[in-house]
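Welcome! Take a moment to turn the structure around on your screen before reading on. This report walks through a few places worth a look.

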Amino acid sequence: MTLWQSIKKTSTIFEFEVRKLRHDPFEVFVRLIQPTLWLVIFGTVFTRYRVIDTGNISYLAFLTPGVMAQSLMFTAIFYGIAITWDKDSGILAKLMVTPTGRGSIVLGKGMSAGVRGLLQAVVIILLALALGVSFVFSPLNILLVIFVIVLAATCFACLSIVFASLLRRRERFMGVIQLITMPLFFASNALYPVSVMPVPLQYVTLVNPLYYVVDCLRSLLITNDLSNIPLHLGILLVFTILFVFAGMYGLKRLMQ
Amino acid sequence: MNAIDVQHLSKIYRGDIKAISDLSFTVGAGSVFGFLGPNGAGKSTAIKILVTLMNPTAGDARIFDIDVSQKPKEIRRIIGYVPQELSADGSLTGYENLLLSAKLYEIPPKEREQRIADILEMMELASRADSLIDTYSGGMVRRLEIGQAMLHHPRVLFLDEPTIGLDPAGRALVWRQIRKLNHDEGMTIFLTTHYMEEAEALCTQIGIIDRGQLSAVGSPTQLKETIGVGTIRIVLSSSQFSQSTLLDMITSIPGASALFQDPQILEIKVPNPAEHITEILQLIKTNGISVNDLELRGPTLEDVFLKYTGSHLEVAGPKEWKSIKQRRRSVRRAS
């Protein structure tokens, strides 16, 4: 299969996932409630009482990219459940019998989680603007933010596919995913700077993809300090590629 | 030329569970091959290996001389597959489901719309093309799925339980389409089924699989000839007689077996029933009973099935179908 065909197939899988979302956008709206609560309640309270020292930016500005990353992770990480449904209903089998590479299926489906993430990001930004947060709106930064969001959603959705293929049963999958999301969230810089964490936990953040997502978004949207971007984006890319390959293996395993 | 050639195929799952062992058969090009067997006989495993979803533990399978596990990518271009479950995506419309398949099967953009329109027309779904699949009946979903699987003119079409749970009208329509594909396009069809009348109506060749091995293969007529016995069903006027005496007398006829389905209903299996009918009626008369009703029939595919598998078919009833539909609804909710 040529590279061009693979790209076309990936975009086809992506396109139809987005069409599904368009037919039934209920979930997208529901997924907007949580980040709103984080920003409006948690964010404003913590800003008012200056509980966490965030240097020369307000806590709300510090928190906004964190909430963005958190909400996209919480949405994408449950993506595996859709794959197990697809498997049980024969949709996945039918897809895998077409001349479509496993990589295209995993990547196309993973990237579609990015669309949900982008919609959430737009709403979060509008909400934060209303709460008085100011953003860096240069075209390059915005393009990079879009890239980071899609990459991050793909990363977590593929990780989720890997878990789904390992755990197989939905009940187990839900349990394990619930179990890992909180540590991923707390061992990141979404709510507080890494420097306030206990030292051992600071090392854990280095292998937490969410840390790199938050850091990239915060640099691009709030601080405009782009010095870490190439490295952190690179690490996020490596994580994603790793999970895409693991997800491809997972799909094959699911059908056995 | 053989469309499918399976030689010494085995699949052993984890935990040493043998799904199929040393399975061999061939399917001629242009035929409609029915794969029959009780639940758990290995039908689904065999079909999954043939459509490249699973690798065999041993043996090999070829479709038009292409090795299934060596060259899965080539195989996927020449086959179509309709899984047992209702696998059209419920959150997309009929047209979108077809468009998705058309794009994945690399049908050139110029031909795509025409091909989809033709399929919708052929499957009698044109008026509902833009409705979500969730609003389709079971028969409509099935027709759409067959349409999806044949968009790219596959050389072999695999159908896993194509009419499970459909009402008689829906089933008749699906049968008509299957016959048409086979007749007009010369497509080889490989199907599994639980329904004997379906196998009888559609298949030119039948393979019976039991406990992972092929126990019989042939045309429906050939298979029925191997049975050699027919059935005589007699409704008696009363039940005031000794059943065992009557059974003893009847089973003294060479090759005959008999049982009471009901105190007044006697079922006799005997070679050449027409030859023995007078004798049997005479025996009943000597017991002082008269006959209210009588039915005589030659061997059926069900008799063939029973002979080669020793079990009755478990047919999916409305309950099973309901669970399939429920599952589909949940899929829509989750995705």
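## A cluster of rings in chain A

Phe185(A) has a relative accessibility of 2%, and because buried means under 20%, Phe185(A) counts as buried. Please keep in mind that this is a predicted model. The neighbour in the sequence, Phe186(A), is partly exposed, with a relative accessible area of 37%.

These two residues form an aromatic pair. A pair of aromatic rings is described by the distance of the centres and the angle of the planes. For Phe185(A) and Phe186(A) the centres are 5.4 Å apart and the planes make an angle of 35 degrees, so the pair counts as tilted. Both residues belong to a cluster linked by ring pairs, whose other members are Trp38(A), Phe42(A), Phe46(A), Tyr59(A), Phe62(A) and Phe74(A). Phe62(A) also has a charged companion: Arg218(A) lies over its face, 3.4 Å from the ring centre.

## Rings in chain B

Over all chains, the structure holds 20 aromatic pairs. Another of them joins Phe33(B) and Phe190(B), and this one is stacked, with 5.5 Å from centre to centre and 15 degrees between the planes. Where in the chain do Phe33(B) and Phe190(B) lie? Phe33(B) is in strand β3 (residues 32-36) of chain B and Phe190(B) is in strand β8 (residues 188-193), so the pair links parts of the chain that are 157 residues apart. Phe33(B) is buried, with a relative accessible area of 0%, and Phe190(B) is buried as well, at 0% relative accessibility.

Chain B also has a charge over a ring: the charged end of Arg155(B) sits over Phe64(B), 3.7 Å from the ring centre.

## Chain B as a whole

Now step back and look at the entire chain. Chain B contains 12 helices and 14 strands, and its C-alpha trace spans about 80 × 45 × 40 Å along its principal axes. Of its 335 residues, 53% count as buried.

One helix to pick out is α5(B). All of its residues, 13 of 13, are buried, so α5(B) is largely enclosed by the rest of the structure. How does its length compare with what is expected? At 1.5 Å a residue, the 13 residues of α5(B) should span 18 Å, and the C-alpha atoms at its ends are 19 Å apart, which agrees.

## Empty space inside

Rolling a probe the size of a water molecule over the atoms shows where empty space is left. The structure holds three cavities of 30 Å³ or more, and the largest has a volume of about 220 Å³. Its lining has 23 residues, and the closest to its centre are Ile91(A), Lys94(A), Leu95(A), Leu100(B) and Gln148(B). Helix α5 (138-150) of chain B gives two or more residues to this lining, as do α3 (94-104) of chain B and α1 (3-23) and α6 (91-97) of chain A. The lining residues divide into 11 nonpolar, five polar and seven charged.

## The largest pocket

About 690 Å³ of space lies in the largest pocket. Which residues are the closest to its centre? Of the 35 lining residues, they are Gly101(A), Arg102(A), Gly103(A), Ser104(A) and Met248(A).

The largest share of the lining, eight residues, comes from α12(A). Other elements that give two or more residues include α7 (102-130) and α8 (139-167) of chain A, and α2 (72-78) of chain B. By type, the lining of this pocket has 18 nonpolar, 13 polar and four charged residues.

Conventions: Residues numbered from 1 in each chain as written. Chains lettered and ligands numbered in written order. Predicted model: local features only at pLDDT ≥ 70, side-chain atom pairs only at ≥ 80, totals over all residues. Heavy atoms only, no water. 1 Å grid on protein atoms, 1.4 Å probe; cavity = no way out; pocket = protein on both sides within 12 Å on 5 of 7 lines; lining within 4 Å. Points joined across faces, edges and corners; volume = space filled by probe spheres on them. Helix = DSSP H or I, 4+ residues; strand = E, 2+ residues; numbered from the N terminus. Nonpolar A, V, L, I, M, F, W, Y, C, P; charged D, E, K, R; others polar. Expected span 1.5 Å × (residues − 1). Buried < 20%, exposed > 50% of the residue type's maximum accessible area, 1.4 Å probe, protein only. Phe/Tyr/Trp six-rings, centres within 6.5 Å; stacked < 30°, edge-to-face > 60°. Lys NZ or Arg CZ within 6 Å of the ring centre and 35° of its normal.
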